[in-house]
Amino acid sequence: MASRFVSIWFPYLCTDWFSIHQPHLRQMPFVLSAALKGRMTVTSANSAALAQGIDNGMAIADARAIIPSLQVIDDPPDLITRLLKRIAEWCIRFTPIAAVDAPDGIMLDASGCPHLWGGDQNYLDDIVTKLKGKGYFVRVAIADTAGAAWAVARFSKELLLIQPERQLEALFPLPPEALRLEPETIERLRKLGLRRIQQFITMPRSALRRRFGTHFLNQLDRAVGSVNELLQPVEAIQSYQERLPCLEPIVTATGIEIALERLLQALCKRLRHEQKGLRHAVFKGYRVDGRVEQIAIDTNRPSYSVTHLFKLFQIKIHRMAPDLGIELFVLEASKVENHFPVQEKMWQSCDGLEDIRLSELIDRLTVKAGVQAIRYLPAEHYWPERSFKPASSLHEKLSSPWLDKLRPLQLLHVPIKIDVTAPIPDYPPMVFRHDGKVHRITKADGPERIEQEWWLQQGEHRDYYRVEDEAGRRYWLFRLGHYNDKSYQWYIHGFFA
């Protein structure tokens, strides 16, 4: 697959942003200003101001001498950085690799993408139309190399679509500035009368190196494609990702489900071929208005079952609000594990935790009920609230044995204070009141003293009792603090089966 790069240039990025938020500025010349070396200077001027002789770097006093009615606005710090990052994230709808090209552009690695729009021209037209619709004036070019696309977008007067393997011809009539050279190098080239790239591009490399240095040759090689130029994506690229652009914005739940099923089929086919299964996946919808709607699922074991994964997503699809329409769908498997098919034996049943049906049932229950954990494993703590931890999957092995003590089947997340009657403070309770009901205790066992884990927190110890009431229900109660201390309190902490 041939490489294709798109350069998006914003000649008036900051002033366009102000015009979008303050529409009355579109009809008047205005500039942004900041202090530089003790005086206020122009950092950015809109097209109306530039047309009347205002230029970047000019002193504000000089600019007002040219245009007395000039509107001057303070230039917010880091505005360019924030704008470029936000626009680059928005451009992910056109390609998974969008990078900030400071100080005034975005670079896209469009390899394999234009055909989804029907060709390079339709691809560029869509980018330009959408950005202009948002209020930004842009020039967009596409070429086989990032350097050539950058050069053409900024310095070519007409041609913005460079056919494959024609970047060298496109560079010929452009000035040396198109190679992204240092100002000193450009000045030396002009003094030598070299005002077009075609005048020196065929010169011996040894002569160019002696005269202009290795950086000059590196920039030239990047533009013509002899050296690859790596982009730094604004978002990390997922190894397992599928994309589906839409010819028309999707506004119905049925359309979203069809897009999801197509993406799952493509992704699961790849996972099955590589003997992988996803554990976490995100389904994103890029809306026409720039917002991103997304839903995510998790599985208890690696899976590449289209049917099962579709059901998990389908439960959450109602949360995606298409509004004016979704124009791009992306499915990412951000967590993937090995998943080797297991040969089943006719004379042996696959049940218990190994039963895939159990795993799929738990996945559906987790999505519907929002349960954070289904299975728990022991943790090496005596303090009851810390004695267990959620398992990452059904197949996670025990790293330590369960505590060799009888514990309730249901442990309350937070102990509940109760009123207790006891014959002597250090004796088991005779009666306790819980949830407005009085329970008379017929059997009791204890106490079991559990001290605070001093390396984690300080506090009083607990004396636990296992008790049974007249109805045969069993509870786990404890007294917090020593019975000689009048401030002690009783709590219920769990229920036995």
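Here are some questions and answers about this predicted model.

User: Let's start with the sheet that holds β1. What is the order of its four strands?
Analyst: Happy to begin there. The edges of this open sheet are β5 (97-101) and β7 (139-143), each pairing on one side only. Inside it, β1 (residues 5-9) and β6 (residues 105-109) run antiparallel and are joined by five bridges. With antiparallel pairing, the order is β5-β6-β1-β7.

User: Which residue is the bridge partner of Ser7 in β6?
Analyst: Strands β1 and β6 are joined by five bridges. The one asked about links Ser7 to a residue of β6, and that partner is Met107.

User: Which helix packs on this sheet and makes about 35° with β1?
Analyst: Two helices are worth a look here. Helix α5 (residues 120-133) touches β1, β6 and β7, and its direction makes about 155° with that of β7. The helix at about 35° to β1 touches β1, β5, β6 and β7, and spans residues 146-155: helix α6.

User: Now for the open sheet with β8 in it. Which strands are at its edges?
Analyst: The order in this sheet is β8-β11-β9-β10, with antiparallel pairing. An edge strand pairs on one side only, and that holds for β8 (241-250) and β10 (292-303).

User: Which residue of β11 is the bridge partner of Gln241?
Analyst: Good one to check in the viewer. Strand β8 pairs with β11 (residues 326-338) in the antiparallel sense over six bridges. Within that pairing, Gln241 has as its partner Glu332.

User: Which residue in the hairpin of β9 and β10 takes a positive phi?
Analyst: These two strands pair in the antiparallel sense over eight bridges, and one of the bridge pairs is Gly285 with Glu293. Four residues lie between the strands of the hairpin. The positive phi, near 100°, belongs to Gly290.

User: At what angle does helix α12 run to β10?
Analyst: Helix α12 covers residues 306-314 and lies across β9 (276-287), β10 and β11. Its direction relative to β10 is about 140°.

User: Is strand β19 largely enclosed or not, and how many of its residues are buried?
Analyst: Strand β19 (residues 489-495) is joined by five bridges to β14 (residues 410-421), running antiparallel. It is also joined by six bridges to β18 (residues 474-480), again antiparallel. Strand β19 is largely enclosed by the rest of the structure, because the number of its seven residues that are buried is five.

User: Which residue of β19 stands opposite Tyr475?
Analyst: There is a helpful clue on the β14 side, where Gln410 has Phe495 as its bridge partner in β19. Tyr475 also stands opposite Phe495.

User: Is Trp455 buried or exposed?
Analyst: Trp455 is placed in the loop between β16 (437-450) and β17 (462-469). Together with Trp454 and Leu456, Trp455 makes a nonpolar surface patch of about 420 Å². Its relative accessible area is 54%, and the cut-off for this class is over 50%, so Trp455 is exposed.

User: And how does His381 count in terms of accessibility?
Analyst: His381 sits in the loop between β12 (376-378) and β13 (388-390). Leaving aside neighbours within four places in sequence, His381 is in contact with Arg386, Ser387, Glu453 and Leu456. Its relative accessibility is 25%, so His381 counts as partly exposed.

User: What separates the C-alpha atoms of His381 and Pro245?
Analyst: Along the chain, these two residues are 136 residues apart. In space, their C-alpha atoms are separated by 52 Å.

Note on methods:
Residues are numbered from 1 along each chain as its sequence is written. This is a predicted model: local features need pLDDT of at least 70, side-chain atom pairs count only at pLDDT 80 or more; totals for chains, interfaces and linings use all residues. Side-chain values use heavy atoms; hydrogens and water are left out. Patches are made of residues with over 30% relative accessible area and no salt bridge: like charges are joined within 9 Å, nonpolar side chains (Val, Leu, Ile, Met, Phe, Trp, Tyr) within 5 Å. Accessible areas come from the Shrake-Rupley method with a 1.4 Å probe; for residues, only the protein chains shown count as cover. A salt bridge is a side-chain nitrogen of Lys or Arg within 4 Å of a carboxyl oxygen of Asp or Glu. Buried means under 20% relative accessible area, exposed over 50%, partly exposed in between (1.4 Å probe, protein chains only). Two strands pair if DSSP finds at least two bridges between them. Contact means heavy atoms within 4.5 Å. Axes are lines fitted to C-alpha atoms, for helices over the stretch in contact, and angles run from 0 to 180 degrees between N-to-C directions.
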